[in-house]
Amino acid sequence: MDPISLFTRYSTNENRITNYCMLFLRLMTEENPLFLRDLFKRILPLDRIPRFGIVFSQQQKNEAGSIPDGVIVQAPVCIHFEFKTSDWFHLDQLRNHADGLRTLCEGTDRALILVSSSFKEKTLQDVESLRKNYPFPIAAVSYYDLLRAMQEVDDLSKGLKEHWKEFRCFLEDEGLLYKGELIPHHRMLGVKLSQTYQEAAYDPAILYERTRKAWRLDQARLGTIEYVLCVYRGIVREIYRPLAWHRQEDGRMFFDGVIESDPSIRAAYLYREVKAPGRNATFYLIPEEK
């Protein structure tokens, strides 16, 4: 059994990714063991979540017939993960993992979680068929969904939130948050950042400032723009909802706005690929007319 380490010696990509995913889960647990329970609420069926934490009770009769005054119990939990950089899962492999979990961890709360950048329809069908044959949940979760579930856990400390930003940047750099080509359903403005994105990726306030100004734009078109996309290397990194547009003395435009928080909008556009030919720093995305 290899330990999870801040200073992993693994050189293969998949092992490094596994180490850092497990490392962040470990950091969450060290800060508060119940954080894992909150995380799994977001990626597993609500009626199949493993029990985490210590249970306190009193005057509880046990199988031997005795009734101790007080009892502290921590139920065992066994979660198996399989991390892939892309969907290379096959049914025999998934069945072997599930059989191993059923045999080796009998009598515990269990779950099998598959993590990949994306899943083929065949893999999702295999997972659905396996769920019917095992007494524990089996889930297929993208890195994006895992990252979002981590972020949504309540009461993360400031330090853990900073680690989450670093973890997000790591997954971005590894190309694991990519979700396919963007299909626009809204009128949007794209802003292409170069090296300035890397300098601002860890700080949402700086990224907002780098994206919002200042650009040579047709003011007449801006009134219909619903979202502004921050784009780096052809991938959408953040989504803003402009509230007002302003013109500088040199004619360049900038906006006041907020990060778009609507989950449906973020799922539709964040980490999607956009094709923006040419060297212009800005471009427009318009829905196709039906």
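How many bridges join strand β4 (residues 109-116) to β5? The exercises below concern a predicted model, and the opening question is taken up in Exercise 1.

**Exercise 1. Describe the sheet that contains β4 and β5, and the helix that packs on it.**

Solution.

Step 1. Begin with the pair named above. Strands β4 and β5 run parallel and are joined by five bridges. Within this pairing, Val-115 is placed opposite Val-141 of β5.

Step 2. Extend the view to the whole sheet. It is an open sheet of three strands, arranged in the order β3-β4-β5 with parallel pairing.

Step 3. Identify the edges. Strands β3 and β5 (138-142) each have a single partner strand, so one side of each has no neighbour in the sheet.

Step 4. Consider the twist. On average, neighbouring strands of this sheet are turned by 25 degrees against each other, direction ignored.

Step 5. Add the helix. Helix α5 (residues 143-152) packs on the sheet and touches β3, β4 and β5. The direction of α5 makes about 90 degrees with that of β5.

**Exercise 2. Determine where Lys-84 lies, whether Lys-84 is buried or exposed, and what Lys-84 touches.**

Solution.

Step 1. Locate the residue. Lys-84 belongs to the loop between β3 (77-83) and α3 (91-104).

Step 2. Apply the cut-off. Buried means under 20% relative accessible area. Lys-84 has a relative accessible area of 9%, and is therefore buried.

Step 3. Examine the surroundings. Leaving aside residues up to four places away in sequence, Lys-84 touches several residues, among them Glu-14, Phe-89, Val-115 and Tyr-143. The side chain of Lys-84 also makes a polar contact with the side chain of Glu-82, at 3.5 Å.

**Exercise 3. Decide which cysteines form a disulfide, and explain why Cys-230 is not bonded to Cys-169.**

Solution.

Step 1. Recall the chemistry. A disulfide is a covalent bond between the sulfur atoms of two cysteines.

Step 2. Find the pair. The cut-off for the two sulfur atoms is within 2.5 Å. By this rule there is one disulfide, and it joins Cys-78 to Cys-105, with an S to S distance of 2.5 Å.

Step 3. Place the pair in the chain. Cys-78 is in strand β3 and Cys-105 is in the loop between α3 and β4, so the disulfide ties together parts that are 27 residues apart in sequence. Cys-78 and Cys-105 are both buried.

Step 4. Turn to Cys-169. This cysteine is in no disulfide. Its relative accessible area is 4%, so Cys-169 is buried.

Step 5. Turn to Cys-230. The closest cysteine sulfur to that of Cys-230 is in Cys-169, 11 Å away, which is too far for a bond. With a relative accessibility of 0%, Cys-230 counts as buried.

**Exercise 4. Explain why strand β7 (residues 227-232) is described as largely enclosed, and identify its partner strands.**

Solution.

Step 1. Count the buried residues. Six of the six residues of β7 are buried, so the rest of the structure largely encloses this strand.

Step 2. Inspect each face. Tyr-227, Leu-229 and Val-231 are buried on one side, and Val-228, Cys-230 and Tyr-232 are buried on the other.

Step 3. Identify the partners. Strand β6 (residues 188-193) runs parallel to β7 and is joined to it by six bridges. Strand β8 (residues 235-247) pairs with β7 in the antiparallel sense over five bridges.

Step 4. Follow one residue. Val-231 is the bridge partner of Lys-192, and in β8 the bridge partner of Val-231 is Val-236.

Step 5. Look at the turn. The hairpin of β7 and β8 has two residues between the strands, and Arg-233 there takes a positive phi near 55 degrees.

**Exercise 5. Establish which side of helix α8 (residues 204-212) is buried, and what that side packs against.**

Solution.

Step 1. List the buried residues. They are Leu-207, Tyr-208, Thr-211 and Arg-212.

Step 2. Use the arc. These residues cover an arc of only 120 degrees around the axis, so they lie on the same side of α8.

Step 3. Name the neighbours. The buried residues of α8 pack against β6, α7 (195-200), β7, β8 and β9 (253-259).

Step 4. Examine the start of the helix. There, a side-chain oxygen of Asp-203 reaches to within 3.0 Å of the backbone nitrogen of Ala-205.

Technical notes: Residues numbered from 1 in each chain as written. Predicted model: local features only at pLDDT ≥ 70, side-chain atom pairs only at ≥ 80, totals over all residues. Heavy atoms only, no water. Buried < 20%, exposed > 50% of the residue type's maximum accessible area, 1.4 Å probe, protein only. Helix = DSSP H or I, 4+ residues; strand = E, 2+ residues; numbered from the N terminus. Pairing = 2+ DSSP bridges. Polar contact = N/O pair within 3.5 Å; in protein donor to acceptor, adjacent residues only side chain to side chain. Contact = heavy atoms within 4.5 Å. Axes fitted to C-alpha atoms, helices over the stretch in contact; angles between N-to-C directions. Arc of directions from axis to C-beta.
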